[in-house]
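Let's take a walk through this fold together. Have the viewer open and follow along.

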Amino acid sequence: MNISQLKSFKRSGEKIACLTAYDASFAQTFDRCGVDVILVGDSLGNVIHGSGNTVSVSMDDMCYHTKIVAKGCEQALIISDLPYQSYEDPKQALANSNLLIDAGADMVKFEGGREHESIFKKLHESGIPLCAHLGLLPQSVSDPGGFKVQGKDEDSAKRIIEDAILVESWGADVVVLECIPANLASIVSNNLSIPTIGIGAGVDCDGQVLVSYDMLGINPNKKPKFVKNFLESSTGIGAAVESYVQSVKNKSFPSKDHTY
Ligand code: KIV
């Protein structure tokens, strides 16, 4: 999988199936079960470290997990997160992006839009493939009550649409949209020529991502509305992942029940 294939998926209407992975065995399973994109997410702070947040995740953590995911992955495109405070200015963002690429990432993701203009431009100029992350930004939420659907009022919806258009113009190759109303995600997706990958953003995104531990029912915490446990109705992990991929591709996931 490469960036031009992802973009051709958008043009042809084929949905992109993405899951998070943090180690070689899960990455290999997902890869073999047809997952198009593997995200080495800083959600590892929650599901691997048990920290209850993503802000405690370091560059060393991200490089380590990217390296071991890359070992298990043959087909899927690997996106790795730049963790909290690792992209404070363009120079630092570039140095840390290069570390993730050297560890095996094909693309780097970071949270935010217009406030990072100089970072988008610097990374794009330097040839780093880029994934933006808009909507709910977990690195900016300091208390668990702050995990709320974004873009519900006119101003914040307008800001998300504008940010998406800006980040595409600054070189983003993909945009993750987290926890926004489905109709807003649909407008964003229709206004971009690069793919959107949604989590809690409705079926009209060009692809879907879930935290793998959530879709396997491993996470014991309260399940957000957008999560579906695919293991519940499957015979094993491989079958659950295949069912997830198929449900994304045939647009039966996310259903209305998983949508804001
Ligand atoms: O870290 C992560 O898992 C993510 C997804 C929630 C998109 O960024």
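Before we start, one term: a residue is called buried when its relative accessible area is under 20%. With that in hand, take strand β4, where five of the five residues are buried, so we can call the strand mostly covered. Keep in mind that what you are looking at is a predicted model.

Stay with β4 for a moment and look at its two sides. M107, K109 and E111 sit on one face and V108 and F110 on the other, and all of them are buried, which leaves both faces covered. Note that charged residues are part of this group: K109 and E111 count as charged, and both are buried on the same side as M107.

Now step over to strand β3, residues 77-81. Here, too, five of five residues are buried. L77, I79 and D81 cover one side, while I78 and S80 are found on the other, and again both faces are covered. β3 and β4 run parallel and are paired over three bridges. If you want to find the register by eye, look for S80 opposite V108 and for D81 opposite K109.

On its other pairing, β3 meets β2, also in the parallel sense, this time over four bridges. S80 turns up here as well, as the bridge partner of V40. One strand further along, β2 (residues 37-40) is joined to β1 (residues 16-20) by three bridges, and these two strands run parallel as well. A handy landmark there is C18, which stands opposite V37.

So what do these pairings build up to? In general, strands of a sheet pair through backbone hydrogen bonds, in either a parallel or an antiparallel way. In this model, the answer is a closed barrel of eight strands, running β1-β2-β3-β4-β5-β6-β7-β8 with parallel pairing. Neighbouring strands of the sheet are turned against each other by 25° on average, ignoring direction.

Next, go round to β7, which spans residues 196-199 and contains T196. Is T196 buried or exposed? Its relative accessible area is 0%, so T196 is buried. The side chain of T196 also makes a polar contact of 2.7 Å with the side chain of S189.

For a look at a helix, try α6, residues 117-125, which holds L123. L123 has 0% relative accessibility and therefore counts as buried. Its C-alpha atom is 9.6 Å from that of N98, a residue 25 positions away along the chain.

Finally, let's look for empty space. Rolling a probe the size of a water molecule over the atoms shows where such space is left. The largest pocket in the model has a volume of about 1100 Å³. Its lining is made up of 43 residues, and N46, F147, D214, N219 and P224 are the ones nearest the centre. Sorted by class, the lining has 21 nonpolar, 11 polar and 11 charged residues.

Which elements supply at least two residues each to this lining? They are α3 (44-47), β4 (107-111), β6 (174-178), β8 (207-210) and α9 (212-215). That brings us back to β4, the strand we began with: mostly covered, with five of its five residues buried, and a contributor to the lining of the largest pocket.

Key:
Residues are numbered from 1 along each chain as its sequence is written. This is a predicted model: local features need pLDDT of at least 70, side-chain atom pairs count only at pLDDT 80 or more; totals for chains, interfaces and linings use all residues. Side-chain values use heavy atoms; hydrogens and water are left out. On a 1 Å grid over the protein atoms alone, a cavity is a set of points where a 1.4 Å probe fits but cannot get out, and a pocket is an open set with protein on both sides within 12 Å along at least five of seven lines; lining residues have an atom within 4 Å of a point. Grid points are joined across faces, edges and corners, and a volume is the space filled by probe spheres set on the points. Two strands pair if DSSP finds at least two bridges between them. Axes are lines fitted to C-alpha atoms, for helices over the stretch in contact, and angles run from 0 to 180 degrees between N-to-C directions. Buried means under 20% relative accessible area, exposed over 50%, partly exposed in between (1.4 Å probe, protein chains only). A polar contact is a pair of N or O atoms within 3.5 Å; within protein, one must be able to donate a hydrogen and the other to accept it, and residues adjacent in sequence count only if both atoms are side-chain atoms.
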